[in-house]
Amino acid sequence: MTFQVYDTTLRDGAQREGVSYSVVDKLAVARLLDEFGVGFIEGGWPGAVPKDTEFFRRARTELELRHAVLVAFGATRRANTVAADDPQVRGLLEAQTPAIALVAKADLRHVERALRTTAKENLAMIHDTVTHLVAEGRRVFVDGEHFYDGYRHDPAYTASVVETALAAGAERFVLCDTNGGMLPSQVTAAITDLTDRIGVAPELLGMHAQNDTACAVANTIAAVEAGVRHVQGTANGYGERPGNADIFAVVANLQLKLGLPVLPEGCLEQMVRVSHAIAEIANIAPDTHQAYAGAAAFAHKAGLHASAIKVDPLLYNHVEPEVVGNDMRILVTEMAGRASIELKSRELGLDLAGHPEALSRVTNRVKELEAGGWSFEAADASFELLVRSELPDAAPVRPFALESYRVLVEHREDGAVVSEATVKIRVRGERVIATAEGNGPVNALDEALRVGLGRHYPELREFELADYKVRILEGSHGTGAVTRVLVETANGRGGGWTTVGVHPNVVEASWHALVDALTYGLGRA
Ligand SMILES: CC(=O)SCCNC(=O)CCNC(=O)[C@H](O)C(C)(C)COP(=O)(O)OP(=O)(O)OC[C@H]1O[C@@H](n2cnc3c(N)ncnc32)[C@H](O)[C@@H]1OP(=O)(O)O
Ligand SMILES: CC(=O)C(=O)O
């Protein structure tokens, strides 16, 4: 039986607090999920949510899916009605999707207290709705809401819900951990007990796990290990409350750990791109530390890790990052050893392997500076300048020598605050004095430097101060507080670099970061 990867980013994922997709967003997310190779895309609840109705209407002409089947989601008919006459069920057919997912009550307490109907009528609601939709030519999935809680409370009744749905023609019965309270061992036990009790083939079952115990991915994998062959999840784990099973981690675990080829060839490598693109559309900052897809998923800080990675990257990576479209990165911090510095330098195109003394000097310097509040982790450009200054053949060309700088901040009578900076520098043998105004002292200093250097370095015009971050670091060991400044510079062609400066005085800290930014940028230009 074919393994089914079923995505519900556009339905359950849209139930996450703060997410609100437009129809255009939903179409774009569906295209991305298709590129990732999922087999099913649950697009929303037509008839209940107007945007979802519109999504399915536009999908008919605007979506060309290569891998996925579009699924409309809804509920069984209401109690004591006829499925064919239920407007909500009609809405599902009007979406004109090849497949429909029905949420059905699988916990007797919900039947009696939320639906306020009888055990028997709930089974009839499921049976009638499934047979009606199957007769209309639809593939039907039944999501058994609160399956696990219901199975604990009254296993015989919950098992009869599963039997009713499958007997009515449902393609899969999906075991939902709706409240997300299960642990993997409990999932395994329930599935084993259910299959023993009613003799259902586990391949006919699916798994839908909410993440309230932070076990959604683990619970999904446990279900697969118990024989389930349909998994549901959402991009980046978006979903109601803490979310859903992250479909990227689920699929990667299935392919790379259990050896199940659940995606078409070449699709797993799309993971990072698709994950980040969907985060962008959802307007949620990508989770740097997300397993597999996060920017830090293969980032190594500890010196000992780097020393083994130098021998073989797989000694400290559980898989090769490239298989999910990610990259390994070495972070340079106070925890770096010589191997970290060597590997990071290699990443930047600088070979320190043949310069053991320079390598030791850079390692010691990084440790010293980090102890004083510097941070090179996010400031590759400053790190590169530090390495280059230790390599005779690669030493950075300093574009100017400083004689002095001065910054004034003027609060005028009308409330305007203006900053003015003057720099006195030597550029290619010439003494230059330049003054400029800015909306703050750092902006004024940056402008004054550009005025002073502009005639000799016209390429400076392309550089732009893109971001500026300040952090006050509390003093320790009897030292005063220092200020750390990170400056991000854009090169006007979509690229950029980050530099760092540290000093008790914020202007001086900024000056260091600015000078590094210009030195690095001009060196590259
Ligand atoms: C576990 C999940 O996440 S399932 C997905 C849930 N998603 C959503 O709820 C998002 C979309 N929902 C909606 O737009 C609305 O809730 C609607 C259109 C579905 C229903 O809206 P309303 O008719 O105003 O009802 P309301 O939301 O207050 O209550 C739901 C009704 O559906 C009934 N119901 C709940 N589950 C089911 C079910 N599985 N089968 C049939 N009826 C159900 C409830 O008993 C309640 O009926 P009542 O009005 O007679 O009390
Ligand atoms: C269907 C669903 O989203 C749930 O039971 O959690």
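# A tour from R11 outward

Select R11 to begin: at 11% relative accessibility, this arginine counts as buried, where buried means under 20% relative accessible area, exposed means over 50%, and partly exposed lies in between (1.4 Å probe, protein chains only). Before going further, keep in mind that this is a predicted model, in which local features need pLDDT of at least 70 and side-chain atom pairs count only at pLDDT 80 or more, while totals for chains, interfaces and linings use all residues. Residues are numbered from 1 along each chain as its sequence is written, chains are lettered from A and ligands numbered from 1 in the order in which they are written, and side-chain values use heavy atoms, with hydrogens and water left out.

**Stop 1: R11 and its surroundings**

With R11 still selected, show the cartoon, and you will find this residue in the loop between β1 (4-7) and α1 (23-36); helices (H or I, at least four residues) and strands (E, at least two) are DSSP runs, numbered from the N terminus. Now add Q15 to the selection, because a polar contact of 2.8 Å joins the side chains of R11 and Q15, a polar contact being a pair of N or O atoms within 3.5 Å; within protein, one atom must be able to donate a hydrogen and the other to accept it, and residues adjacent in sequence count only if both atoms are side-chain atoms.

**Stop 2: ligand 2**

Which residues surround ligand 2? Select R11, D12, D143, E145, C176, T178, H208 and Q210 to see them; a residue is counted as near a molecule or strand if one of its heavy atoms lies within 4 Å of it. By class, this shell divides into one nonpolar, three polar and four charged residues, with Ala, Val, Leu, Ile, Met, Phe, Trp, Tyr, Cys and Pro counting as nonpolar, Asp, Glu, Lys and Arg as charged, and the others, Gly among them, as polar.

Turn on distances, and you can follow the contacts one by one: an oxygen atom of ligand 2 is 2.9 Å from an N or O atom in the side chain of R11, an oxygen atom of ligand 2 is 3.2 Å from an N or O atom in the side chain of D12, and a polar side-chain atom of H208 lies 3.1 Å from an oxygen atom of ligand 2. The protein buries 93% of the 210 Å² that ligand 2 exposes when taken alone, with accessible areas coming from the Shrake-Rupley method with a 1.4 Å probe, and with only the protein chains shown counting as cover for residues.

**Stop 3: ligand 1**

Move next to ligand 1, which has 18 residues around it, and select Q15, T76, R78, V103 and R116, the ones that come nearest. The side chain of R11 appears again here, with an N or O atom 3.5 Å from an oxygen atom of ligand 1. A nitrogen atom of ligand 1 is 2.9 Å from an N or O atom in the side chain of T76, and a nitrogen atom of ligand 1 is 3.2 Å from a polar backbone atom of V103.

How much of ligand 1 does the protein cover? Of the 1000 Å² of accessible area that ligand 1 has on its own, the protein covers 54%. Colour β3 (69-75) and β4 (99-105), which are the elements that give two or more residues to the shell around ligand 1; the largest share, three residues, comes from β4. Sorted by class, the shell around ligand 1 holds nine nonpolar, three polar and six charged residues.

**Stop 4: two cysteines**

Go back to C176, which you selected around ligand 2, and add C215. The structure holds zero disulfides, a disulfide being a pair of cysteine sulfur atoms within 2.5 Å. C176 is in no disulfide, and the nearest cysteine sulfur, that of C215, is 17 Å away. C176 is buried, with a relative accessible area of 5%, and C215, at 13% relative accessibility, also counts as buried.

**Stop 5: two positive phi angles**

Select N80 in the loop between β3 and α3 (87-94), where phi is near 60 degrees, a positive value in a residue other than glycine. N80 counts as exposed, at 65% relative accessibility. Then select R241 in the loop between β8 (230-233) and α10 (247-257): its phi is near 55 degrees, again positive in a residue other than glycine, and R241 is partly exposed, with a relative accessible area of 44%.

**Last stop: F463**

Finally, find F463 in the loop between α16 (441-454) and β14 (464-473), a buried residue with a relative accessible area of 7%. Add T489 to the selection: F463 and T489 are 26 residues apart in sequence and 6.5 Å apart in space, C-alpha to C-alpha.
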